[in-house]
Amino acid sequence: MLATADVVAGAIAGLLAGLIASAASSEIALAGFAMALAWPTAAFVCGLYAVEDLRSWTSGVSEAPKLMLAAMVLSWPLFGMFASLGAANAVGGALLGSLLVAGSAALGRTAARMYAHREPRLRQGTLVIGSGAVAHQLVLRLMRHEELGLDPIGFLDDDYDYEGFSDLPVPALGGLDALPGQLLSGRVDRVMIAFSRAGHEELLHCIRLCRDAGVAIDIVPRLFEFLDGARTVDQIGGIPLLSISVPTFSRLSKIAKRALDVTLASIALVVMSPLLALIALAIRLDSPGPVLFVQRRSGRRGSFFSLYKFRSMYVGSTVVVRSDGAIVKMADDERITRMGRFIRRFSLDEAPQLLNVLRGEMSLVGPRPLVEEEAAVLRDWQARRADLRPGLTGPWQIAGRSNIPFQEMVKFDYQYVAGWSLARDVEILLATVPTVLSGRGAI
């Protein structure tokens, strides 16, 4: 499917590039045919068909650098072809053609993935080895993120901890000695090892069995909560190491992050201004009350600021907060207006926070801005999440939005701050688009 999408994208980009280059009709057709062959080849050479990477398979955001690299590489042969054909605007055709093929390929691949994620025959039966708290979290997240195409079919463990799995429709399939039979059943496409209490040799035996059966293996590493900023190091005597560096926010890093915020927030406000005006008018017509909802939120290093949102509830509605500080959100909430349901579905109620970004109170990407009750319950290491400005989006947004429990959201924020990089910000911004359009976790 990805190859088909690339062939179509190459053909379309080649035809448009020929028009831009002011080539003759026959030469435009030749450009379309050549690009239909050349683009999938360039994509293959640059590793764009390595779909084993789950992040690429989910949204394709992580493959964006390879996509741009392949397009840049292809621009030179495209220029050479137009120049040899005597096209009047060979440079423009090659430059815009490479940009067009990257854009059309990204759209085509997104459409192919949307189709693939809905095809039952392309989904992977996933067996979990482990039965503790981490295995429980893993199964929950597999069920929550259907776009991964991974369906948990059961779990194996020699020392069962059934209590945590009582709320999940995932059966216990036996001990580790049942693994060979499960692999032979033909139902298992992937095995995930999540903190089983089995010994080292038993787990190695399980991995060997999976490899011999041609089944993919994933292993949840110990101390996984702290591995967001980890990097691999050369082996020491055959033992691979992961180095977790201390997070540093240099002056240059702060300037780069702030420049990204101001530039993108300004562009977004200008481009979205007609839509924002229509939303404001619709809110006023839908229910009495102000257009904006202003709330005191916790900012960087414990400071507080006034956060702006489009009002999505009826005036006078109260916010319910649990004992752990988390705000209670319900799918069928009578406090939400008709217009409020629409703007929440696509996170448009958050758009006025672009003003908070321009004022320096928020960032485009960062920890979730907490209400006072939520911020008051944070202790010790959890407070480190406030080392950066709160964000309009963040890891909590792309991981499930309102579906993420409060304590898990705090962990996501801590991991983001501990492993911050500008490239990570760009990746989260790109991943936010399909998350918002899909409406996953929106309440």
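Start by selecting Arg301, which sits in the loop between β7 (292-298) and β8 (304-310). This is a predicted model, so every value on this tour is computed from it. Look at the backbone of Arg301: its phi is near 55°, a positive value in a residue other than glycine. Most residues other than glycine have a negative phi. Is Arg301 buried or exposed? Arg301 is exposed, with a relative accessible area of 59%.

**Second stop: another positive phi**

Now select Ser22, in the loop between α1 and α2. Ser22 is not a glycine either, yet it has a positive phi of about 60°. Colour the surface around it and you will find Ser22 partly exposed, at a relative accessible area of 47%. That value falls short of the cut-off for exposed, which is over 50%.

**Third stop: helix α2**

Move along the chain and select residues 25-45, which form helix α2. This helix has 21 residues and spans 30 Å from its first C-alpha to its last, close to the 30 Å expected at 1.5 Å a residue. Where is the kink in α2 centred? Click on Met35: the kink there is about 25°.

Met35 is also one of the buried residues of α2. Others to pick out include Ile28, Ala31, Gly32, Trp39 and Pro40. To see what covers the buried residues of this helix, show α1 (2-20), α4 (64-85) and α5 (90-116), which are among the elements that do so. Just after α2, stop at Gly47, where phi is positive again, at about 80°.

**Fourth stop: a cavity**

Next, select Ser298, Gly299, Pro367, Arg385, Ala386, Leu388, Arg389 and Pro390 together. What do these residues line? They line the largest cavity, which holds about 40 Å³ of space. A search of the whole structure finds one cavity of 30 Å³ or more. Try colouring the lining by class: four residues are nonpolar, two are polar and two are charged.

**Last stop: the whole chain**

Finally, zoom out and show the chain as a cartoon. How many helices and strands does the chain have? There are 15 helices and 10 strands. Of the 443 residues, 45% are buried. Turn on contacts as well: among those with a separation of 6 or more, 71% join residues 24 or more positions apart.

Methods: Residues numbered from 1 in each chain as written. Predicted model: local features only at pLDDT ≥ 70, side-chain atom pairs only at ≥ 80, totals over all residues. Heavy atoms only, no water. 1 Å grid on protein atoms, 1.4 Å probe; cavity = no way out; pocket = protein on both sides within 12 Å on 5 of 7 lines; lining within 4 Å. Points joined across faces, edges and corners; volume = space filled by probe spheres on them. Nonpolar A, V, L, I, M, F, W, Y, C, P; charged D, E, K, R; others polar. Helix = DSSP H or I, 4+ residues; strand = E, 2+ residues; numbered from the N terminus. Expected span 1.5 Å × (residues − 1). Bend = angle between axes of the 7 residues up to and from the residue. Buried < 20%, exposed > 50% of the residue type's maximum accessible area, 1.4 Å probe, protein only. Contact = heavy atoms within 4.5 Å.
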